[in-house]
Every structure is written in C-alpha cells, then in structure tokens.
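The following exercises concern the fold of a protein chain and the packing of its elements. Each task is followed by a solution that proceeds step by step.

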Amino acid sequence: MAENSIKVGMADLKQTHHPGVLVTLGLGSCVGIMLYDRKTKNIGLAHIMLPWSHQAKNNTNKAKFADTGIRQLCELMLESGCRKGSIIAKIAGGAQMFSFSQGSDTIRIGQRNVEATREVLRELGIPIVSDDTGGNYGRTIECYSDDGRMMVRTIGYGVHYI
Amino acid sequence: MDISLLNAFHLDILKEIGNIGAGNAATALAKLLDKKVDMKVPQIRIMGFSDVNEVLGGAETPVVGILLEVLGDITGYILFVLEQDAACFLVNILMGNPINQEMEYNEITLSALKEVGNILTGSYLSALSTLTGLRIMPDVPALAIDMAGAILSVPAIELGKTTDTVLYIETEFIQGTDKVIGDFFLVPDADSYIRLLNTLGAMC
C-alpha cells in the first residue's frame, strides 16, 4: 500500500487532490465508487452499503447509501474545483458473500447496490469507464490520482487494474 | 432506545448473556472434538460501520465465516469466524485425519465446518432460550472463505437499514491452552438486545 494513502471505511467517503491514493479494504456486497477528474486529477472514493436512502429507517449518514453518497461525493468534488464534464467513474464490489438456498433480499444486496450505483451515476451524467462487480468474493481497492487507475485485489482471483 | 444510552450495567448483562451462550457452545464443541475447549470473557463491541472491517485485526486476512440468521423472538445474525489453519484443525479432528494434514475445501469438509457452526449456534441459542424463556432459533448455515472485512460486513449491512451503530457480542474459543479456534459473534438487531435486556429485568 502506498504511504500517502487515505483509508475510506464502510459507509464513508473521501476526496483528495493530486497526488493521493484512496484505499478501501474488504469490500463485500458494498460498492466502492471512484470519481476522477481527468483535468484536475482530483480523486474521490465512496464506500456505500445500501442502495436507496428512502428505503431505510435511518438515513442520517449520507455515505451509507448509493443515491445520497454518490451525490455528496460529486458535490465535494465540484466544490474543490472539478468540472462535471471531465469526471469519470469506476466501480467495484457488489459481491454476494454467502449463498443461501432461499434468496432473500439481504442476500442479493450486492446486486441491488450495483444497480442503484449505475442508476445514480447515469442520472448525474457521469460515465462508468470500467467496473469489476458481482461474484462471490471480497475486494480491496486502491485508487491512484496520477492516472485514475483502480487496483482491485482479491483472495484467489488475483490483482488487476481497471 | 438508542444504542448510545446503554450503560455499564446493560453491557455487563449482555456480556453475561454472551458468557452463558458461549459456555454452552464451548461444552458442545469440547464433546464433539473430545478435546478441552476454553473461551475468553466475551466482549461487547459497539461500533460505527467504519470500524467493523477491522474487528479481527486485518480486513484482508483470509478467514472462514459461517453465518446463520437468528429467528424467533430475537432476530439478528450469528457469525462464526475461523482462521484457515483452525478450520483445517477442526476438520482433521472431525474426520479422523492426521492433525497436520492439509485441508482441501470440498463438499465434505465445507459441510463438516457448517455442521460445527450449526452445533455451536444451536447450543449458544438454546442456552439463551432457557435463560430468557424466549423462542430463539437459528436458520440454516451459509459459509464463505474470504477477506475478514468482507465477511464481517454482512450482518452490519443488514442492520444498517435501521441504525448507524452495531452491537457485536464477541467470544473467542480456545482449544487446549492457547490455540485459537475462532471468534463467535452474536449480532442482535436493535429491538432484540432491548428485548433481551427487558426480559432479564434490566431496563427500568
């Protein structure tokens, strides 16, 4: 892990100027959404747990949900001088860690998180340039501000860049 | 009631609940393995979500996780987390293999591990049931081998719909004098730990 890396916990979001590295560890059915401004090289990362804030009883923490979390991260980036037209997104996570015989809602949460993430980014007009979602395994991601690459590290499925 | 209003007395009671449940589970495991099984004093962890990943020391440590949903008067999750060498140790004893044999993850070994989860959870919950008079049952177990952080986040996500903090009652099981077998987590939802405390007359 790079020395100047900033950790983003579950239900958390951060953004930073170039040079910087944003890291989130052990994504399961959560989704990590990286926003990157290709001109200013600002980078942001949100680690969301649940799809929609209006479906939850407690929605005070905006970073917990795809809809409010991605919007908040986008606002933060615009406030620090990014232009919407040059922001791109990369997403990873949304796995199904445990497989139960009966497919209750909880269990498909990863898939629902990914669907909500895509929808919110589409509404914001931010293109998803690459992704690594689904499956049944956890992911650690590291996002680099120099070129906006995202490293995805797994157990048993290797390390790759998207 | 908000989780932040729990005082030291409430936490002591929750710890005692962990003690009683895990004590029963340790006995069951000892019988199953025909070996001495001990446990540490349970810990009550009340955490924001950003800390959940780090509970077992490293979010990226590969572990075996066995997850069961808890049903009945108390709802929530039970998660039994083992390091891979401990999982291997358990399977070798259960299957009568040499202790140091390397474990292959296949249908039989995975099923043996799930059964350990079943037995531990069943005895943990039946002790709680006897203590409180509440009806508490486990659902079928599911198993995953992956990063500790990704596995620990599963119960937290479900509870995340209603709260911003989660309460984990954690007990560590030890075989012999120092061999850690695994960590057992009872993760009741907000209504359930209040019901537990109420039933035991601790809320006034």
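**Exercise 1. Overall fold of chain A**

In this predicted model, residues 24 or more positions apart account for 63% of the contacts in chain A with a separation of 6 or more.

Task. State which secondary structure elements chain A has, and how its radius of gyration relates to the globule rule.

Solution. Step 1: the secondary structure of chain A comprises two helices and 10 strands. Step 2: read from the N terminus, the elements follow the order β-β-β-β-β-α-β-α-β-β-β-β. Step 3: the radius of gyration of chain A is 15 Å, close to the 15 Å given by the globule rule for 162 residues, so chain A is as compact as a globular protein of that length. Step 4: the C-alpha trace of chain A spans about 50 × 35 × 25 Å along its principal axes, and 51% of the 162 residues count as buried.

**Exercise 2. The open sheet**

Task. Determine the strand order of the open sheet of five strands in chain A, and identify which strands stand at the edges.

Solution. Step 1: the order is β2-β5-β4-β6-β7 (chain A), and the pairing is mixed. Step 2: β2 (12-16) and β7 (128-133) of chain A each have a single partner strand, so they stand at the edges and one side of each is left without a neighbour in the sheet. Step 3: from one strand to the next, the twist averages 10°. Step 4: within this sheet, β4(A) (residues 31-37) and β5(A) (residues 43-48) pair in the antiparallel sense over six bridges, with Tyr36(A) opposite Ile43(A) in β5(A).

**Exercise 3. The helices**

Task. Describe how α1(A) and α2(A) lie relative to the strands and to each other.

Solution. Step 1: α1(A) (residues 66-79) packs on the sheet and touches β2, β4, β5 and β6 (87-93) of chain A; the direction of α1(A) makes about 165° with that of β5(A). Step 2: α2(A) (residues 109-124) lies across β4, β5, β6 and β7 of chain A and runs at about 25° to β4(A). Step 3: the axes of α1(A) and α2(A) come within 9 Å and cross at roughly 40°. This angle makes α1(A) oblique to α2(A). Step 4: the crossing of α1(A) and α2(A) is right-handed. Step 5: the contacts are formed by Ala66(A), Asp67(A), Ile70(A) and Cys74(A) in α1(A), which meet residues of α2(A) including Asn113(A), Ala116(A), Val120(A) and Leu124(A).

**Exercise 4. Strand β8(A)**

Task. Establish whether the residues of β8(A) are buried or exposed, and which strands pair with β8(A).

Solution. Step 1: β8(A) (residues 139-144) is mostly covered, with six of its six residues buried. Step 2: Arg139(A), Ile141(A) and Cys143(A) point one way, while Thr140(A), Glu142(A) and Tyr144(A) point the other way, and all are buried. Step 3: β3(A) (residues 21-27) runs antiparallel to β8(A) and is joined to β8(A) by five bridges; Val21(A) has Tyr144(A) as its bridge partner. Step 4: β9(A) (residues 150-153) pairs with β8(A) in the antiparallel sense over four bridges, and Ile141(A) has Val152(A) as its bridge partner. Step 5: β8(A) and β9(A) form a hairpin with five residues between them, and Gly148(A) in the turn has a positive phi of about 70°.

Terms used. Residues are numbered from 1 along each chain as its sequence is written. Chains are lettered from A and ligands numbered from 1 in the order in which they are written. This is a predicted model: local features need pLDDT of at least 70, side-chain atom pairs count only at pLDDT 80 or more; totals for chains, interfaces and linings use all residues. The radius of gyration is taken over C-alpha atoms; the globule rule is 2.2 Å times the number of residues to the power 0.38. A residue is buried if 20 or more other C-beta atoms lie within 10 Å of its own, exposed if 12 or fewer, and partly exposed in between; C-beta atoms are placed from the backbone. Two residues are in contact if their C-beta atoms, placed from the backbone, lie within 7 Å. Two strands pair if DSSP finds at least two bridges between them. Axes are lines fitted to C-alpha atoms, for helices over the stretch in contact, and angles run from 0 to 180 degrees between N-to-C directions. Angles under 35 degrees count as roughly parallel, over 145 as roughly antiparallel, 65 to 115 as roughly perpendicular and the rest as oblique. A crossing is left-handed if the near helix is turned anticlockwise from the far one by less than a right angle, and right-handed if clockwise.
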